[in-house]
Amino acid sequence: MTRVLAVSAVFPPHRHTQAEIAEELARRLPPGTDPGLLRRVHSSVGVEARHLALPLDRYGRLGGFGQCNDTYLEVARDLGAQAVRAALDEAGVAPEEVDVVVSTSVTGIATPSLDARLASATGLRPDVRRVPLFGLGCAGGAAGTARLHDQLAGRPGDVGLLLSVELCSLTLQSADTSMANLVSGALFGDGAAALVAVGAGHPRHGEGPGRRPHGGGAGPVVVDCRSRLYPGTEHLLGWDVGEWGLRPVLGSELPEVVRLHVGEEIASFLAGHDLKPQDLTAWVCHPGGPKVLDVLGDALGLPDEALSQSRRSLARAGNLSSASVLHVLRDTLGDGPPEPGSPGLMLAFGPGFSSELVLLRW
């Protein structure tokens with residue numbers, strides 16, 4: 001089983017309240033558009049503030065998709081390097097010890113991938129194995145953890161690194177007044193995260209929450225993973241790609257799909273390990289939005305406090321796409337890990353429509 005040694009969570013320096021962002025976007029609406037709907041959407045999604053890749057007044061001066069993507073490459077490289085260094089420092093792992101790096105991002109196009117662009121600057125070996133992931137959207141943090149676990153299961157003596165960088169603000173379509181774009185502009189923020197883990201045969205694998213010889217907070221082990229696609233739902237979530245860039249696709253039916261399918265999927269996954277939702281002591285849930293969290297909690301019969309960490313993350317920084325679930329994991333570890341031996345679940349949803357489940361044990 002893979003052991004998580006450390007998780008870092010970082011933000012770009014430009015932080016603005018939800019009200020400030022709403023007013024800036026209202027000024028950029030097409031002529032004749034009523035800004036009242038935009039303001040109501042911004043006040044309804046449970047977000048209090050967000051971090052942005054650029055100062056707020058810079059967004060109105062950005063050009064087309066090419067300039068936005070150039071900005072993504074510059075900011076994502078620097079923010080990703082910051083996340084990698086922080087995670088390695090906390091884990092007490094030297095960069096040259098990393099054997100495999102999995103990276104995930106969906107808010108820009110990078111070839112070479114982000115992991116290649118920051119490898120030299122962060123001290124990763126030239127022969128590090130790279131597994132860049134694209135297209136997983138908000139599910140990428142959980143899926144990346146699962147794919148890192150798969151890599152380390154095959155090479156149990158190795159050290160693995162997961163990197164997530166998302167700059168959602170650079171994809172915003174100012175002239176698009178569709179509800180999907182208004183919700184996206186109210187919900188998504190920018191941030192990055194990194195996770196360091198070791199395989200079952202590594203000397204550091206035996207470190208539990210109570211053993212922290214390197215100053216890092218050794219975290220849970222990954223017990224099992226499950227990926228699931230829900231046929232006929234491909235149209236509900238993703239990007240509409242054109243000369244305008246990346247336009248969000250965000251179906252209003254998403255909460256109902258979660259209600260109909262995901263609760264049952266989670267119950268089935270847990271039952272395979274003789275567990276019920278009520279047995280879990282930690283829910284590391286991607287904060288997709290208040291409606292999704294409400295529906296998930298209701299479908300699983302969870303008490304309000306079970307998803308409180310996710311709601312706090314949403315309020316503090318918005319939905320960070322693939323990075324959000326790693327921020328929630330970091331918060332869970334920072335608040336004091338659950339009792340040794342207790343189970344938890346990391347879960348996230350993404351385009352496909354899909355779910356990613358990762359069973360954890362502390």
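Okay, let's start with the pocket: E10 gives the largest share of the lining of the largest pocket, five residues. One thing before I go on, this is a predicted model, so keep that in mind throughout.

Staying with that pocket, its volume comes out at about 740 Å³. There are 45 residues lining it, and the ones closest to the centre are Cys-168, Leu-170, Thr-171, Leu-172 and Trp-239. If you want to find the walls on screen, the elements that each supply at least two lining residues are helix H1 (18–27), strand E3 (49–52), helix H3 (65–91), H6, strand E9 (237–242) and strand E10 (245–250). And the chemistry of that lining? By class you get 24 nonpolar, 18 polar and three charged residues.

Now the cavity. How many cavities of 30 Å³ or more does the structure hold? One. The space in the largest cavity is about 90 Å³. The lining is made by Leu-25, Arg-28, Leu-29, Leu-38, His-42, Leu-172, Gln-173, Ser-174, Asp-176, Asn-181, Leu-182 and Gly-185. Two elements put two or more residues into that lining, helix H2 (35–44) and helix H6 (179–187). Of the elements, H6 gives the most, with three residues. Sorted by class, the cavity lining has five nonpolar, five polar and two charged residues. You may have spotted a shared name here: Leu-172 lines the largest cavity, and Leu-172 is also among the residues closest to the centre of the largest pocket.

Okay, helices. I've got three pairs for you. Two packed helices are described by the angle between their axes and the distance between the axes, and that's how I'll go through them.

First up, H1 and H2. Their axes are 10 Å apart and the packing angle is about 155°. Anything over 145 counts as roughly antiparallel, so H1 is roughly antiparallel to H2. The crossing is right-handed. On the H1 side you have Gln-18, Ile-21, Ala-22, Glu-23, Leu-25 and Ala-26, and they meet Pro-35, Leu-38, Arg-39 and His-42 of H2. That contact divides into six nonpolar, two polar and two charged residues. And this ties back to the cavity: Leu-25, Leu-38 and His-42 are in the contact, and Leu-25, Leu-38 and His-42 are among the cavity-lining residues as well.

Next, H3 with helix H4, which is residues 114–122. Here the axes are 9 Å apart and the angle is about 55°. That makes this pair oblique. H3 passes H4 in a right-handed crossing. From H3, the contact uses Tyr-72, Leu-73, Ala-76, Arg-77, Gly-80, Ala-81, Val-84 and Arg-85, and from H4 it uses Leu-114, Arg-117, Leu-118, Ala-121 and Thr-122. By class, that's eight nonpolar, two polar and three charged.

Third pair, helix H7 (residues 254–271) and helix H8 (residues 290–300). What do their axes do? They come within 9 Å and cross at roughly 40°. So H7 and H8 are oblique to each other, and their crossing is right-handed. The H7 residues involved are Pro-255, Val-258, Arg-259, Val-262, Gly-263 and Ile-266, facing Lys-291, Val-292, Val-295, Leu-296, Asp-298, Ala-299 and Leu-300 in H8. The class split for that contact is nine nonpolar, one polar and three charged.

Last bit, backbone geometry. There are a couple of cis peptides to show you. Thr-111 and Pro-112 are joined by a cis peptide bond, with omega about 5°. Pro-112 sits in the loop between strand E4 (100–104) and H4. Then there's a cis bond joining Gly-352 and Phe-353, with omega about -25°. Where is Phe-353? In the loop between strand E12 (343–350) and strand E13 (354–361).

And one phi value to finish. Asp-274 has a phi near 55°, which is positive in a residue other than glycine. You'll find Asp-274 in the loop between H7 and strand E11 (282–285).

That's me done. Questions welcome!

Technical notes:
Residues are numbered from 1 along each chain as its sequence is written. This is a predicted model: local features need pLDDT of at least 70, side-chain atom pairs count only at pLDDT 80 or more; totals for chains, interfaces and linings use all residues. Side-chain values use heavy atoms; hydrogens and water are left out. On a 1 Å grid over the protein atoms alone, a cavity is a set of points where a 1.4 Å probe fits but cannot get out, and a pocket is an open set with protein on both sides within 12 Å along at least five of seven lines; lining residues have an atom within 4 Å of a point. Grid points are joined across faces, edges and corners, and a volume is the space filled by probe spheres set on the points. Helices (H or I, at least four residues) and strands (E, at least two) are DSSP runs, numbered from the N terminus. Ala, Val, Leu, Ile, Met, Phe, Trp, Tyr, Cys and Pro count as nonpolar, Asp, Glu, Lys and Arg as charged, and the others, Gly among them, as polar. Axes are lines fitted to C-alpha atoms, for helices over the stretch in contact, and angles run from 0 to 180 degrees between N-to-C directions. Angles under 35 degrees count as roughly parallel, over 145 as roughly antiparallel, 65 to 115 as roughly perpendicular and the rest as oblique. A crossing is left-handed if the near helix is turned anticlockwise from the far one by less than a right angle, and right-handed if clockwise. Contact means heavy atoms within 4.5 Å.
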